[in-house]
Amino acid sequence: DYEPVFGKDLEDIFIKENKKRIEHINKTCAKLKSDRFVELWKIPNRWQQQLIVDQNNKLAYCPVHGAGYSSWAMKLLELHGDEIDDDLDPNEAINTLLKTFPQIEDSKDVTFISDYDTFMVVRHPFERLLYYYNSKFEYAGNISMYIEYGERMVKEYRTLQDVSEEKANIHLKNVRNYIKSLTQGSQPLPQTLINNPYAQPLGPTFEEFLRFVIDPNKKDSKMWMPMHLSCSLCTIDYNFVLKFEDFTYESLDFLDNIGIMPDRNAFDYLPSLDGPIDPLITCKYFQKIGLEIIKNLIVKYHNDILLFDYDVSYYLECIHKASVKL
């Protein structure tokens with residue numbers, strides 16, 4: 001694992017670690033694109049996500065949702081000369097970034113950035129899922145996400161006994177109207193929802209969320225699209241692949257390495273400073289899902305796990321511990 005070091009050896013350590021990652025990615029790409037894996041590996045001509053181009057600093061950044069995107073949006077805007085308020089909303093930062101910088105949307109248009117530093121930030125795919133579940137879906141915490149996705153997750157995957165479709169739709173409508181009326185902060189359920197199965201709990205459970213994510217008939221959201229697909233890995237040659245697990249240090253070392261000397265506190269105000277989720281909290285969530293679901297997650301994120309050298313044994317161990325307790 002990468003261990004950030006301050007002092008004269010910092011640059012060499014970062015270069016060596018990044019070089020090792022890129023070599024691993026290149027070898028894995030060659031394997032994935034072999035005949036044996038031809039059905040597994042499909043390279044899109046068009047990005048599912050824009051490649052952000054900073055022409056002044058000769059940087060090209062492929063954002064991965066849930067892996068420091070808003071933090072790098074703020075940092076790129078700052079490098080551009082924009083004033084960044086400490087309380088700038090992360091979504092507003094991303095919207096401003098997309099309005100400020102040109103984007104490449106087709107893999108055929110990358111020749112003009114051949115001398116740019118191209119980079120992306122990756123995150124363990126299972127941690128990325130848990131982050132979005134916690135921040136957008138748990139207890140219907142984000143109203144727009146509940147309306148767009150959460151209601152479908154609950155309707156399709158919550159098992160109910162002796163509830164007609166007509167009654168189910170009435171229950172769902174009542175929940176939706178209640179959620180739309182919510183303001184910031186938690187409120188007790190009104191009496192009309194006490195016996196409503198779609199309000200027990202509000203929003204999808206972690207298992208319901210994951211069942212939606214792994215359903216092959218559902219179109220991927222940018223929130224959980226595999227990272228190699230969203231950034232056309234194995235089609236685009238990235239110079240740097242940073243890991244969210246050491247987000248602050250790696251981001252600083254990356255800027256140092258490309259000749260942009262950052263203040264060592266340069267990422268202190270950014271949303272991703274908290275880093276990865278506590279492993280004990282992660283285990284608590286994954287203990288609630290079955291082996292079938294995690295096997296399907298491993299299939300869905302197979303390429304990400306291989307390309308970015310992530311391990312899934314901890315998550316399997318969490319499930320095993322839960323099964324032993326039963």
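What separates Arg211 and Glu207 in helix H7? The two residues are four positions apart in that helix, which means that about one helical turn lies between them. Their side chains meet in a salt bridge, with an N to O distance of 3.2 Å. Both partners are partly exposed: Arg211 has a relative accessibility of 27%, and Glu207 has a relative accessible area of 28%. Elsewhere, salt bridges with shared partners link Glu17, Lys20, Arg21 and Glu250 into one network.

It helps to keep in mind that the model is predicted. The mean pLDDT of the protein is 85, with 83% of its residues reaching 70 or more. Helix H7, which spans residues 206-214, has the highest confidence, at a mean of 97, whereas strand E1, residues 46-54, has the lowest, at 72. As a friendly reminder, predicted coordinates should not be read in detail where pLDDT is low.

Side chains of opposite charge can pair when their charged atoms come close. Across the whole structure, a search finds 11 salt bridges. One of them joins Glu17 to Lys20, the closest N and O atoms being 3.7 Å apart. These two residues belong to helix H1 (residues 10-32) and sit three residues apart, about one turn of the helix. Their surroundings can be contrasted: Glu17 is buried, with a relative accessible area of 16%, whereas Lys20 is exposed at 51% relative accessibility.

Helix H2 (residues 69-79) offers a further pair, Glu78 and Lys75, again placed three residues apart, about one turn of the helix. In this salt bridge the closest N and O atoms are 2.5 Å apart. Here the lysine is the buried partner, as Lys75 has a relative accessibility of 2%, while Glu78 counts as partly exposed at 33%.

Attention turns finally to Asp215, found in the loop between H7 and helix H8 (227-230). With a relative accessibility of 15%, Asp215 counts as buried, because the cut-off for burial is under 20%. The side chain of Asp215 makes two polar contacts of interest: one with the side chain of Tyr157, at 2.8 Å, and another with the side chain of Lys218, at 3.0 Å. When neighbours within four places in sequence are left aside, Asp215 is in contact with Glu156 and Tyr157. Tyr157 therefore appears both as a contact of Asp215 and as a polar partner of its side chain.

Note on methods
Residues numbered from 1 in each chain as written. Predicted model: local features only at pLDDT ≥ 70, side-chain atom pairs only at ≥ 80, totals over all residues. Heavy atoms only, no water. pLDDT = per-residue confidence, 0-100. Buried < 20%, exposed > 50% of the residue type's maximum accessible area, 1.4 Å probe, protein only. Polar contact = N/O pair within 3.5 Å; in protein donor to acceptor, adjacent residues only side chain to side chain. Contact = heavy atoms within 4.5 Å. Salt bridge = Lys/Arg side-chain N within 4 Å of Asp/Glu carboxyl O.
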